[in-house]
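Here's a quick walk through one protein model, written for someone who would rather be at the bench. Have a look at the structure before reading on.

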Amino acid sequence: MAKTSKIHKNEQRKALVRRYAERRAALKEAIRTAGTVEERMRAQTALAKLPRDSNSIRVTHRCAITGRPRGYLRRFGMSRIAFREKALAGHVTGVTKSSW
């Protein structure tokens, strides 16, 4: 189980990303379509003044069950270890153990 503080911090990052998403997108578009260098610089400085955690890159995929950051399977939203336990117990729909 991951530290509760790490899981909570990641949830705060997700909230910041949602809060600043429109503002970030507008500033990035202004940077991309700026007519003059001054306009571009103004948009870049405004983007730099936003909180660092408002960037979606800083959000970590974590297992929904254990909070583990490594070995995350996007399709199932959990780590490889939790996935294996759930799949072998038959709790994951459509997954069967392979044997040949």
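What follows covers a helix, a pocket and a couple of single residues. Keep in mind that this is a predicted model.

**The helix α1**

Let's start with α1, which takes in residues 4-32, 29 residues in total. Does its length add up, or what should we expect? At 1.5 Å a residue, α1 should span 42 Å, and its end C-alpha atoms sit 39 Å apart, so the two figures agree. The helix isn't straight, though: α1 bends by about 55° at Tyr20.

Tyr20 also turns up among the buried residues of α1. The rest of that set is Asn10, Arg13, Leu16, Val17, Arg24, Leu27 and Ile31. Part of the cover over these buried residues comes from α2, residues 37-49.

**The largest pocket**

How much space lies in the largest pocket? About 170 Å³. Its lining is made of 13 residues, and Asn10, Glu11, Lys14, Arg62 and Cys63 are the closest to its centre. Helix α1 gives the largest share of the lining, with four residues. Sorted by class, the lining has five nonpolar, five polar and three charged residues. Asn10, then, is both a buried residue of α1 and one of those closest to the pocket centre.

**Two residues to look up**

Ala46 belongs to helix α2, while Arg52 is in the loop between α2 and β1, the latter being residues 72-73. Is Arg52 buried or exposed? Arg52 has a relative accessible area of 69%, over the 50% cut-off, so it counts as exposed. Ala46 comes in at 32% relative accessibility, between 20% and 50%, so it is partly exposed.

Here is how each pairs up with another residue, C-alpha to C-alpha.

| Pair | Apart in sequence | Apart in space |
|---|---|---|
| Arg52 and Val92 | 40 residues | 36 Å |
| Ala46 and Arg23 | 23 residues | 9.8 Å |

Key: Residues are numbered from 1 along each chain as its sequence is written. This is a predicted model: local features need pLDDT of at least 70, side-chain atom pairs count only at pLDDT 80 or more; totals for chains, interfaces and linings use all residues. Side-chain values use heavy atoms; hydrogens and water are left out. Helices (H or I, at least four residues) and strands (E, at least two) are DSSP runs, numbered from the N terminus. The expected span of a helix is 1.5 Å times one less than its number of residues. The bend at a residue is the angle between axes fitted to the seven residues ending there and the seven starting there. Buried means under 20% relative accessible area, exposed over 50%, partly exposed in between (1.4 Å probe, protein chains only). Contact means heavy atoms within 4.5 Å. On a 1 Å grid over the protein atoms alone, a cavity is a set of points where a 1.4 Å probe fits but cannot get out, and a pocket is an open set with protein on both sides within 12 Å along at least five of seven lines; lining residues have an atom within 4 Å of a point. Grid points are joined across faces, edges and corners, and a volume is the space filled by probe spheres set on the points. Ala, Val, Leu, Ile, Met, Phe, Trp, Tyr, Cys and Pro count as nonpolar, Asp, Glu, Lys and Arg as charged, and the others, Gly among them, as polar.
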